[in-house]
Amino acid sequence: MDIVDYKKTLRPSWLVGLIALFCFNPSQALGKDVAIGVFAYQGERASTSDWNPLISYLNQALPEHHFRLENHNAESLRQAIAGEGVDLVITNPGHYITMEAEFGLSRIATLESVGVSAAKALGSVVLVRSDRSDLKELSDLAGKRVAAVAPDAFGGYLLAAQEMLRNGVDPASDLKEIRFIGLPMNQIVEAVQQGKVDAGIVRACVPEQMVREKRLTPAEFRVLSPRQENQFPCALSTPLYPDWPLAVTRQTDPVLAKQVARALLSMPQAADGMGWTVPADYQPVHDLYRELRVGPYAYLREITPEGLVRRFWPWLLGALMALVAWIIHTVRVEHLVHRRTAQLGDSLHAREQAESCMRESQEQMEHLSRLSVLGELSGNLAHELNQPLTTIGTYARTVLRRQNSGRLTPEAISEACTQIVNEAERAGGIVQRIRHFAKKRVAVRDPVDLVLIAKEARHLVVGMLAHPPEIHIDNRLSASFRVLADGPQIQQVLLNLLKNALDAGRNLRPERQGIRVIVEAVDNWVHLHVIDRGCGLEAPQLTHLFEPFFTTKPDGLGLGLPICKTIIEAHGGRLWAEPNADGPGMCFSFSLPHHDLPT
């Protein structure tokens, strides 16, 4: 609201009046009338003295127009702009950005003083009496009384208010009293002198002007939080801001605005007077008003919903859009989750049913496979059971004959009974093994000894044949080797392989009917090999050997080896076949994971 004093306003004099008289051209009265509205913060007389040289210069530089000065206070200048009563406006930076936001003013030049940058020309100073040793910094003002010009005074309050906030003192709540005295500013200095207030806020260079006018001595006052900026000639308590702008209104003719701007930039600067330069950057003033929430940013103080919307509407719009998108996404995801969950539940139910059917089918096939093996060996089963039964009958009849002839002795009875018991146990063992092998059961995996299973399988096969070939078991494992498996299932696989080896050597010479079973450890696996010396298989037959319903036997079903492969793979192992490396015949092998467990 004030122009810094150091630029020393040009007072009208008889010389100025004389120049104006000689420069006056009666034709100007016929030209376009251009009203320049000035914020007269020091009154009409001082304002006229300050700005008449500018009016005279413009009338001389642009004789086709008639420029006239209109002095206003802040409110009347606002009304003149609103009523399109002025074409050009000269005011302080704070008032300018307020009118810029409300009426769309556009600055075309910035005031420039001798030796001072137009971008850093206005500041404030906070004064205290020299005897106030308790006040040194702006932060010391908490709880004190402070005098200022007015709540909206740019240099007379707002600049210092921002610095107080930055030093932790809120003028609205932390001060004991904020007293707005008004203009002229020497009243604020006098209030500090008289002890009516603890500190006063005035425009920079006012104290220096009062010292030059001998209304104040430097020893009477001290500056709070003093600072120096860009060799500024006066004491400061705040940063510096741009000088006064000259702006055009919306209705101003662009041609006129261009002519005025050219004339101002060409205006010679007096040694102790004013000049004009290109428009300065007024963003620091915007930042100041935004931080204080005054002027065009006063709505930031509003806590009403409307104020919040005006302040944060981009963020609120973004948040609303994000919320709507999140709701849509959540509903969609929830719908997809319900649908996928239902589909997954149906799939799991179908999978469980399929796995149940598969398990039942596999168990049925395994059972049928065992019965098939027993069926193929049943021709010899009757002969094997007939031998112990015949022996039992023979010994029983011998005891009866000796009894009838009177030659029955205790020794003969003991011998006959012993033989009968042995043969009965032999027949019972054959029947028990067949029943255990043939019955249905639930698969259970336990640590098992693969060599023991091989011996039991050999005993079962040998016990069911009239003239069994030699089945040699080569154990290459330590006693602690175990595999985690279902014993009867592995025994079924081994019986199938032994049965195939027996069939491969059928009708061959006795020396080629022998079978070797090798059990060995390879890395972390246990391998079992069943080796025969039969005729072997051709390469095309090996390719399809484990396919269902493929068989090389005239009466085979082609299910034995596929079932064996399924059992081994279910145990995490592998079943394969290859020609015998030591001569004719085939080598069928399977592997199972090794478990080194205590016996």
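**Figure 1. Strands β13 and β15 run parallel and are joined by five bridges.** The view comes from a predicted model. Strand β13 covers residues 471-475, and strand β15 covers residues 515-522. Asn475 stands opposite Val519 in β15. Strands of a sheet pair through backbone hydrogen bonds, in either the parallel or the antiparallel sense.

**Figure 2. Strand β15 also pairs with β16, this time antiparallel.** Seven bridges link β15 to β16, which spans residues 525-531. Val517 of β15 faces a partner in β16: Val530 stands opposite. The two strands form a hairpin with two residues between them. In this hairpin, Asp523 takes a positive phi near 55°. In a regular strand, side chains alternate between the two faces of the sheet.

**Figure 3. Five strands make an open sheet with mixed pairing.** The strand order is β7-β6-β8-β5-β9. β7 (177-180) and β9 (221-223) stand at the edges. Each has a single partner strand, so one side of each is left without a neighbour in the sheet. From one strand to the next, the twist averages 30°.

**Figure 4. Within the five-strand sheet, β5 and β8 pair antiparallel.** Four bridges join strand β5 (residues 124-129) to strand β8 (residues 199-203). Leu127 has its bridge partner in β8: Gly200.

**Figure 5. Helices α2 and α8 cross at roughly 115°.** Two packed helices are described by the angle between their axes and the distance between the axes. Helix α2 is formed by residues 44-61, and helix α8 by residues 254-265. Their axes come within 10 Å. Angles of 65 to 115 degrees count as roughly perpendicular, and α2 and α8 are therefore roughly perpendicular to each other. The crossing of α2 past α8 is right-handed.

**Figure 6. The largest cavity holds about 40 Å³ of space.** Ten residues line this cavity; the closest to its centre are Ala40, Tyr41, Gln42, Ser47 and Asp50. Helix α2 gives the most to the lining, with four residues. By class, the lining has six nonpolar, three polar and one charged residues. The structure holds two cavities of 30 Å³ or more. Rolling a probe the size of a water molecule over the atoms shows where empty space is left.

Technical notes. Residues numbered from 1 in each chain as written. Predicted model: local features only at pLDDT ≥ 70, side-chain atom pairs only at ≥ 80, totals over all residues. Heavy atoms only, no water. 1 Å grid on protein atoms, 1.4 Å probe; cavity = no way out; pocket = protein on both sides within 12 Å on 5 of 7 lines; lining within 4 Å. Points joined across faces, edges and corners; volume = space filled by probe spheres on them. Nonpolar A, V, L, I, M, F, W, Y, C, P; charged D, E, K, R; others polar. Pairing = 2+ DSSP bridges. Axes fitted to C-alpha atoms, helices over the stretch in contact; angles between N-to-C directions. Parallel < 35°, antiparallel > 145°, perpendicular 65-115°, else oblique. Left-handed = near helix turned anticlockwise from the far one by under 90°.
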